[in-house]
Amino acid sequence: MSIDRRKFMKVSGLTALALAGGKGINVLAQEDSTSVAAPKTGSFETPLTAKRWAMVCDLSKCREKEGCDVCIKACHERHNVPDFGNPKDEIKWIWKEHFEHAFHGQEHEYITDEIRHTNVPLLCNHCDNPPCTRVCPTEATWKRESDGIVMMDWHRCIGCRYCVVACPYGSRSFNWRDPRPHIEKIDESFPTRTRGVVEKCTFCEERLAKGLLPACVEACPAKALAFGDLEDPESEVRALLREHFTIRRRPELGTAPEIFYIV
Amino acid sequence: MIEKALSGNKQYWGWIALLVTTIAVAAYTYIRYQYQIGLGITGLSRDVTWGFYIAQFTFMVGVAASAVMVVLPYYLHNYKEFGKITILGEFIAVASVIMCMTFIFVDMGQPFRITNVFLYPSPHSLMFWDTVVLFGYLVLNVLISRVTLTAERKGIAPPGWIKPIIILSIPWAFSIHTVTAFLYSGLAARPFWLTAILAPRFLASAFATGPALLILLVLILRKFTKFDAGREPVQKLAIIATYAMAVNVFFVLMEVFTAIYSNIPEHMAHFQYLFVGIEGHATYVGWMWTSVILAVVSLILLFNPKTRRNESILVVACIAVVLSLWIDKGLAMVIAGFVPTVLGHVVDYIPTLPELLISLGIYAMGALLVTVFYKMTLSVRHQLRTEGYK
């Protein structure tokens, strides 16, 4: 695109003229506003952003509804997670485990029945120091520096499963078979995966980009899941962390998990 | 030189036919079954994500590295007795590395994306480094064996530039098994592998397995071909296997002591699963005790000079070494890392028939490569003896 000198002078002269008169400014302003308002069909909500996304799970609230699996259903439906109906091929982004497994090594004989029978919601911890991304030989999984989310590229993953081996939380699943026939109802707005790749929770980064909270947080009927910016002292998660004693899964491994549990 | 492998007696062709058939069955199983359906046809699961394929890979890396046990005495200590068998060791290394790569290939969920390892090199991943050192080791050994065999054929000394490359291949051999051990021992999530002695233990078991296998091969060659490596190199290899086996058993006992005496449940649980079983899950208990008994038997037969010097008993000892260490490394080591799981569940993994068939095919491919390489070498040497240098 080349503009010769004469054309440039002409355009700049006209601009100067237009700027000189108030009418001209109005015209420009009008053009501006129409160009912004034009695409009315897309969703242009402000994305939710944070320096460090984190979650606080209040188990006392979660316990209230026994056998509740609303968060699991919401997540798995939203993300086209297949249901193979057997533990061998199982794929799960969020699931529940008894306390003794969720906090393996922290249970003891005399723990209260209430805690023993608590079904703890588990998901990717989005570690600050994730061992899974360290072992990936193709950069198919990485920690997003802007907000700390541990991301997955399902098109680059070679299916070596080293990340599954390295994760101390059992948060990663592998597609042992073609998942598509096992998805009850495919949500066209989210990709399905192919066999032979690893997948896991992504903190609903696709929803955050549209200004929506993670599906599990939004769906929880007990409001047991709080989601927010760990670096913002005013955020809900920071308020909860100030008010309650919280534990994390396997913090001694140095992974710095970002899911906190109020027991 | 490959034409040398194309002439042989009925026995030779029968053996080749057997191997090719096994490979064909495995290839069919892989292409028409595993590749179509996915790794779901294996016994692997969400909890036990690595199994038989990766275990065979690990075991064969050891065999590949063990070539150094003939290369080192011959080139660094000028131990002339190994002159005739050094190239056999190098050929085992070449065949083993190719097998390792194939085991990795069949274990990939998306095998045709494997080039991503090179397109997006990730120095923070040990798997990237393992790929690098294995490829390097393959190149080194192909080059060395080709140059030295060509020189032998022409009746001249190998060119001087190959010597530094041979010397380089010695630390390189240690590196492939060390980096392979690092794949496991650097993972905070898996206490069974999280031990600094894993790499030394891998090397010790490799240096017992490799020489034991080489003894068996040399004795097979003596029986079926005109090639006789002589008595002395076999006895020397037996001594190497003896001490490597002793060191390996010592290292394993170190591990058991630390895990059991420290009384840390996470560390004990894996040994418990292997040797006594947990909550009725005892799939590998029989295998483990077999491995222990074979190790003890092999050590008795190897350390006693009378039995070691008797070649028919030495064969039994070598078979015991290979089987014991295969159970330890080619079966238990990988699987036990996953049981109990990171969440403390006890799950079972048993390789499926297709998984075993595909693995068997890869072993057959390795055997075919070794057969062809050995045939080439022996033909060259036979020709030299009968017709003189060309």
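These are my notebook entries on a predicted model with chains A and B.

**Entry 1: where the chains meet**

I began with the contact between the two chains. I found 32 residues of chain B in contact with 40 residues of chain A. On the side of chain B that touches chain A, α5 (116–119) and α6 (126–154) each supply at least two residues. The largest share comes from α6(B), with three residues. I then sorted the residues on this side of chain B by class, and they divide into 15 nonpolar, 13 polar and four charged.

**Entry 2: helix α1 of chain B**

Next I looked up α1(B), which runs over residues 10–37 and has 28 residues. From its first C-alpha to its last it reaches 39 Å, close to the 40 Å expected at 1.5 Å a residue. I noted a kink of about 35° in this helix, centred on B:Tyr30. Which residues of α1(B) are buried? I listed B:Leu19, B:Ala26, B:Thr29, B:Tyr30 and B:Gln34. B:Tyr30 is therefore both the centre of the kink and one of the buried residues, by the cut-off of 20 or more other C-beta atoms within 10 Å. The buried residues of α1(B) pack against α4 (86–107) and α14 (353–387) of chain B. Just after the helix, B:Gly38 takes a positive phi of about 115°.

**Entry 3: helix α7 of chain B**

I turned to α7(B), residues 162–185, which has 24 residues. I compared its reach of 34 Å, first C-alpha to last, with the 34 Å expected at 1.5 Å a residue, and the two are close. This helix has a kink of about 25°, centred on B:Pro171. Its buried residues include B:Ile166, B:Ser169, B:Ala173, B:His177 and B:Tyr184. What covers the buried residues of α7(B)? I found that the cover includes α2 (52–65), α3 (68–76), α6 and α8 (198–224) of chain B.

**Entry 4: α3 against α7 in chain B**

I took one of these neighbours, α3(B), and looked at how it meets α7(B). The two axes come within 10 Å and cross at roughly 145°. The crossing is left-handed. From α3(B) the contact is made by B:Val68, B:Val71, B:Leu72, B:Tyr75 and B:Leu76. From α7(B) it is made by B:Ile166, B:Ile167, B:Ser169, B:Ile170, B:Ala173 and B:Phe174. By class I counted 10 nonpolar residues, one polar and no charged ones in this contact. An α-helix has 3.6 residues a turn, so residues three or four places apart point the same way.

**Entry 5: backbone exceptions**

Last, I checked the backbone. Most residues other than glycine have a negative phi, and most peptide bonds are trans. I noted a cis peptide bond from B:Val339 to B:Pro340, with omega near -5°. B:Pro340 lies in the loop between α13 (311–336) and α14 of chain B.

In chain A, I found that A:Lys223 has a positive phi, near 55°. It is in the loop between α10 (215–219) and β8 (225–229). Is A:Lys223 buried or exposed? It is exposed, because it has 10 other C-beta atoms within 10 Å and the cut-off for exposed is 12 or fewer.

A:Arg250 also has a positive phi, near 45°. This residue lies in the loop between β9 (246–247) and β10 (259–262) of chain A. I put A:Arg250 down as partly exposed, because it has 19 C-beta neighbours inside 10 Å and buried needs 20 or more.

Terms used:
Residues are numbered from 1 along each chain as its sequence is written. Chains are lettered from A and ligands numbered from 1 in the order in which they are written. This is a predicted model: local features need pLDDT of at least 70, side-chain atom pairs count only at pLDDT 80 or more; totals for chains, interfaces and linings use all residues. Two residues are in contact if their C-beta atoms, placed from the backbone, lie within 7 Å. Helices (H or I, at least four residues) and strands (E, at least two) are DSSP runs, numbered from the N terminus. Ala, Val, Leu, Ile, Met, Phe, Trp, Tyr, Cys and Pro count as nonpolar, Asp, Glu, Lys and Arg as charged, and the others, Gly among them, as polar. The expected span of a helix is 1.5 Å times one less than its number of residues. The bend at a residue is the angle between axes fitted to the seven residues ending there and the seven starting there. Axes are lines fitted to C-alpha atoms, for helices over the stretch in contact, and angles run from 0 to 180 degrees between N-to-C directions. A crossing is left-handed if the near helix is turned anticlockwise from the far one by less than a right angle, and right-handed if clockwise.
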